[in-house]
Amino acid sequence: MKKGASMWTYTLNLVRDLSPNVKRFIATESLFGIGVGISSLILNLHLLDLGFSKGDIGKITSLGALTIGLASLPAGFIVKLIGRKTMLVIGMLLAFLALVLFGIGTSIGAVTVAQLVYSLGITAIVNSEIQLIFQYCRTKKEETSAYSLLFAIFTLFTGLGTWLGGYLPEWMPGHTTMYQYAFFVAGGCLGLSGILRGLLLPSNYTKAQANGSATHEDNSVQAPKPANQPKKRQAMYFLLLLSLLIFNSGFTFGLLSPFLNVILKFRFQMDDSNISGVLALSGFFFFIGSIVMPYVVERWGSRRTFVFLFLYNIVVVALMALVMPTTVFAILLLIRGTGFTMLNNLMDSECMSAVAEEDRNLFAGMRTVSRSIGNTIASYWAGYILAGNHYSMPFLLTAVALLAGFAMYAWFVQGKLDRRLQSQTC
């Protein structure tokens with residue numbers, strides 16, 4: 001009880017101590033989460049109703065991930081030219097447009113265009129969002145807190161959106177499929193979130209300004225003129241190692257997460273409202289994982305937390321491959337959600353915090369490319385596996401991939417990540 005109270009107090013203090021712009025950023029994430037939650041639930045079901053096969057859905061999903069991967073490195077250069085906030089707002093408006101296209105289109109060509117536009121929007125978002133919120137933070141510790149709370153709000157409202165996605169088609173059925181108008185609601189949420197961020201967030205805001213210093217952003221980027229080639233090579237090697245870890249994260253995501261609604265529908269013969277209920281509840285467990293993560297890291301340290309979360313996720317996802325009643329599977333799905341969220345949040349926040357400010361735009365692109373390549377390979381593969389009605393295989397493959405990720409972390413990344421984070425000022 002006391003532990004629970006202290007964690008609650010710790011979390012309240014985190015929220016209270018956030019910078020004002022970080023609070024605005026996190027508040028507007030709620031609309032983004034609702035829109036993503038609705039669209040992620042209904043997209044596959046919409047495509048099935050339009051007559052697309054499970055294999056087609058796997059191809060469309062992998063195309064989206066591949067597009068994000070290919071566009072991410074150019075996005076890293078574009079964000080330098082137009083700024084992080086502008087990039088974020090453009091991305092959210094592109095995602096809004098794509099969801100409208102999903103609602104209107106019925107052919108494979110129209111759906112492909114919508115997927116490409118959506119993927120470009122998500123590319124712009126993921127290559128600007130974390131760097132921008134970190135830019136508004138005053139300290140390294142606030143970066144970790146801000147990321148966890150941002151993801152907590154995102155997952156909580158994604159859960160709400162997922163729940164709504166199960167009922168909106170009944171409340172306002174569309175014409176092309178019953179899911180059509182739900183896409184317009186989801187798009188409206190993303191569009192409004194983008195507009196609010198454009199109005200409420202400052203564009204040129206740096207840590208120096210947050211700390212009350214008059215130093216300009218240009219000065220913070222200045223480095224000693226003599227280029228130190230060995231140091232540059234060492235920094236690039238470090239970024240490549242982190243990208244390899246992120247690749248594994250994308251692969252484990254792509255094997256399962258895009259297809260959970262299909263697995264629930266065909267493995268357990270669940271109807272849409274029950275699927276939305278389970279996935280919405282899973283979103284709440286994502287929220288719990290995001291809230292708990294900073295407290296656990298504070299108590300255990302990042303190394304022990306990493307090790308525990310890898311092992312926890314391997315065991316849970318391997319159990320999900322077994323034959324079991326729907327209720328037991330649903331419980332495992334929920335507790336998997338908490339552990340999976342904590343592992344990925346820790347990975348993203350610790351990796352970005354360990355990267356120097358001047359390398360963050362580059363790393364954001366590398367991270368997105370790595371995650372997208374892993375996601376593309378896994379989702380394409382999973383689409384074919386599910387087309388053959390092998391509903392347990394993705395869980396076994398995810399367990400093996402997590403084990404490989406754990407070995408990679410323990411042997412190659414752990415020591416370097418620890419040293420780099422210790423060398424950063426808190």
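On the surface of this predicted model, Leu73, Met236, Leu240 and Leu362 form a nonpolar patch with about 320 Å² of accessible area together. A patch is built from residues that have over 30% relative accessible area and no salt bridge, with nonpolar side chains (Val, Leu, Ile, Met, Phe, Trp, Tyr) joined within 5 Å and like charges within 9 Å. Accessible areas come from the Shrake-Rupley method with a 1.4 Å probe, and for residues only the protein chains shown count as cover. One member of the patch, Met236, lies in helix α11 (residues 229–256); helices are DSSP runs of H or I with at least four residues, numbered from the N terminus. Met236 has a relative accessible area of 35% and is therefore partly exposed, a class that falls between buried (under 20%) and exposed (over 50%), with a 1.4 Å probe and protein chains only.

Residues are numbered from 1 along each chain as its sequence is written. Because the model is predicted, local features need pLDDT of at least 70 and side-chain atom pairs count only at pLDDT 80 or more, while totals for chains, interfaces and linings use all residues; side-chain values use heavy atoms, with hydrogens and water left out.

The charged side chains come next. Side chains of opposite charge can pair when their charged atoms come close. A salt bridge is counted when a side-chain nitrogen of Lys or Arg is within 4 Å of a carboxyl oxygen of Asp or Glu. A search of the whole structure finds 5 salt bridges.

In one of them, Glu129 pairs with Arg197, the closest N and O atoms being 3.3 Å apart. This pair links distant parts of the chain, with Glu129 in helix α6 (residues 129–135) and Arg197 in helix α8 (residues 180–200), 68 residues apart. Both Glu129 and Arg197 are buried. Together with Glu29, these two residues are linked in a network of salt bridges.

Another salt bridge joins the side chains of Arg360 and Glu143, at 3.1 Å from N to O. Arg360 lies in helix α16 (residues 360–387) and Glu143 in helix α7 (residues 140–171), so this pair ties together parts that are 217 residues apart in sequence. Arg360 counts as buried at 1% relative accessibility, and Glu143 is buried with a relative accessible area of 0%.

Helix α16 also holds Arg371, which forms a salt bridge with Asp348, the closest N and O atoms being 3.0 Å apart. Asp348 lies in helix α15 (residues 326–354), so the pair ties together parts that are 23 residues apart in sequence. Asp348 counts as buried at 7% relative accessibility, whereas Arg371, at 22%, counts as partly exposed.

Definitions and conventions
Helix = DSSP H or I, 4+ residues; strand = E, 2+ residues; numbered from the N terminus.
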